[in-house]
Amino acid sequence: MKVPFLDLKAAYSEQGHDLDAASKRVLESGSYILGQECEFFEKEYAEFCGARHCVSVGNGLDALKLILIAKGVGKGDEVIVPANTFIATWLAVSEVGANPVPAEPDEKTYNINPERIASTITKKTKAVIAVHLYGQPADMDPIIEICNDHDLALIEDAAQAHGATYKGVRVGALGDAAGFSFYPSKNLGALGDGGAVTTNDSALAERIRVIRNYGSKVKYENEEKGINSRLDELQAAFLRVKLVRLEDWNDRRRKVANKYLNGLKDQGDLLLPGVPAWAEPVWHQFVVQHSRRGALQEYLAERGISTMIHYPIPPHLSAAYSDLELKRGSYPRTESIAAKALSLPIGPHLTQSEQDFVISSVRDFTEGKIRR
């Protein structure tokens, strides 16, 4: 059996008629940048997240960068970031001239450990970026308390967590602002690049609207040095179609994850993701850990099961951040996850038979029914 890691073709098949109609509507409108589709999507997505404002932008990295700029973070400042995250979180900090300061994760949830944040704060610290990694919300209350005590901006990197909730509140409305990505493989994915900022701060939202559009409210009247980061009308129209199904598709992901959690428990060296009682993840990824990750991945590939590794090289060990001179062993929990983590297939279109095949195949490996 062939089991794809994520079936985007099936996603199109389910909504193809509506997506085609949205495309036709935009093409016939003659308006392709910052038009009605973006306006409607921004209102609809803000309402979905429980936030007062949504500002659509070009991609998830730009969303984080624009928040940092609007919050006045710049050269010489420090921003606390998870050591265990996709490198885009760090790149947003670097692009505004600030310095990323890593903090270790909780080994089971993979998210930043609030207890590790306080010890990294210095006089230069201006913000904390809490990443809701793999679709699971970070433990926000203690992070909010730390940020309030030290007068720090709190930014959510919600690029993988569309619809996830923390103590009943959706991510995107928990900090000063949140950055989302709509990359095609996300739970809410466009058919190209896209991103957004959500916030309850009206002044912050208005400033980001200006910065994303060359620093201009009125054409040719540039209030500041802005950038060009705008969600195009086609992607906004596609996202409006997909937003209608997001809750249903997230529920399907939850059912797959629950089946994995039940079917793969007590499997020796296989560590399953932990879910705190206050979290309702949306399972952008289902990430397990195994000391023989390479052998497990190879065995699953031989059986036709596609897997991925998120993320094999932590940012602090990447060539991009060699200037920080953070040696191997600096962040042992992050490095352990990077060496053991394996993402199993998950998505709203994974069939029951495919799920059963993944579970039985992993169990064959972990129970020693095959020789490696």
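Ala, Val, Leu, Ile, Met, Phe, Trp, Tyr, Cys and Pro are counted here as nonpolar, Asp, Glu, Lys and Arg as charged, and the others, Gly among them, as polar. By these classes, the lining of the largest pocket holds 14 nonpolar, eleven polar and four charged residues. The structure is a predicted model.

The largest pocket encloses about 560 Å³ of space. Its lining comprises 29 residues. Phe86, Gln160, Tyr183, Lys186 and Tyr311 lie nearest the centre of this pocket. Three elements give two or more residues to the lining: α3 (60-70), α4 (88-95) and β8 (177-181).

Tyr311 also takes part in an uncommon backbone feature. Most peptide bonds are trans. The bond that joins His310 and Tyr311, however, is cis, with omega at about 0°. Tyr311 belongs to the loop between α8 (293-302) and α9 (332-340). A residue of this cis bond, Tyr311, is thus also among those nearest the centre of the largest pocket.

Positive phi values were found at further tyrosines. Most residues other than glycine have a negative phi. Tyr110 departs from this pattern, with phi near 75°. Tyr110 sits in the loop between β3 (99-103) and β4 (125-131). Tyr220 likewise has a positive phi, of about 75°. The loop that holds Tyr220 runs between β10 (216-218) and β11 (221-222).

The surroundings of these two residues were then examined. Tyr110 has a relative accessible area of 2%. Burial requires a value under 20%, so Tyr110 counts as buried. Tyr220 has a relative accessible area of 71%. This value is over 50%, and Tyr220 is therefore exposed.

Helix α6 spans residues 202-212. Its buried residues are Leu204, Ala205, Ile208, Val210, Ile211 and Arg212. These buried residues pack against two helices, α2 (36-49) and α3, and against the strands β1 (53-57), β8, β9 (195-199) and β10. Of these partners, α3 and β8 also give two or more residues to the lining of the largest pocket.

Both ends of α6 show local detail. At the N-terminal end, Asp201 acts as a cap. A side-chain oxygen of Asp201 lies 3.1 Å from the backbone nitrogen of Ala203. Just after α6, Tyr214 adopts a positive phi of about 65°.

Note on methods: Residues are numbered from 1 along each chain as its sequence is written. This is a predicted model: local features need pLDDT of at least 70, side-chain atom pairs count only at pLDDT 80 or more; totals for chains, interfaces and linings use all residues. Side-chain values use heavy atoms; hydrogens and water are left out. Helices (H or I, at least four residues) and strands (E, at least two) are DSSP runs, numbered from the N terminus. Buried means under 20% relative accessible area, exposed over 50%, partly exposed in between (1.4 Å probe, protein chains only). On a 1 Å grid over the protein atoms alone, a cavity is a set of points where a 1.4 Å probe fits but cannot get out, and a pocket is an open set with protein on both sides within 12 Å along at least five of seven lines; lining residues have an atom within 4 Å of a point. Grid points are joined across faces, edges and corners, and a volume is the space filled by probe spheres set on the points. Contact means heavy atoms within 4.5 Å. A polar contact is a pair of N or O atoms within 3.5 Å; within protein, one must be able to donate a hydrogen and the other to accept it, and residues adjacent in sequence count only if both atoms are side-chain atoms.
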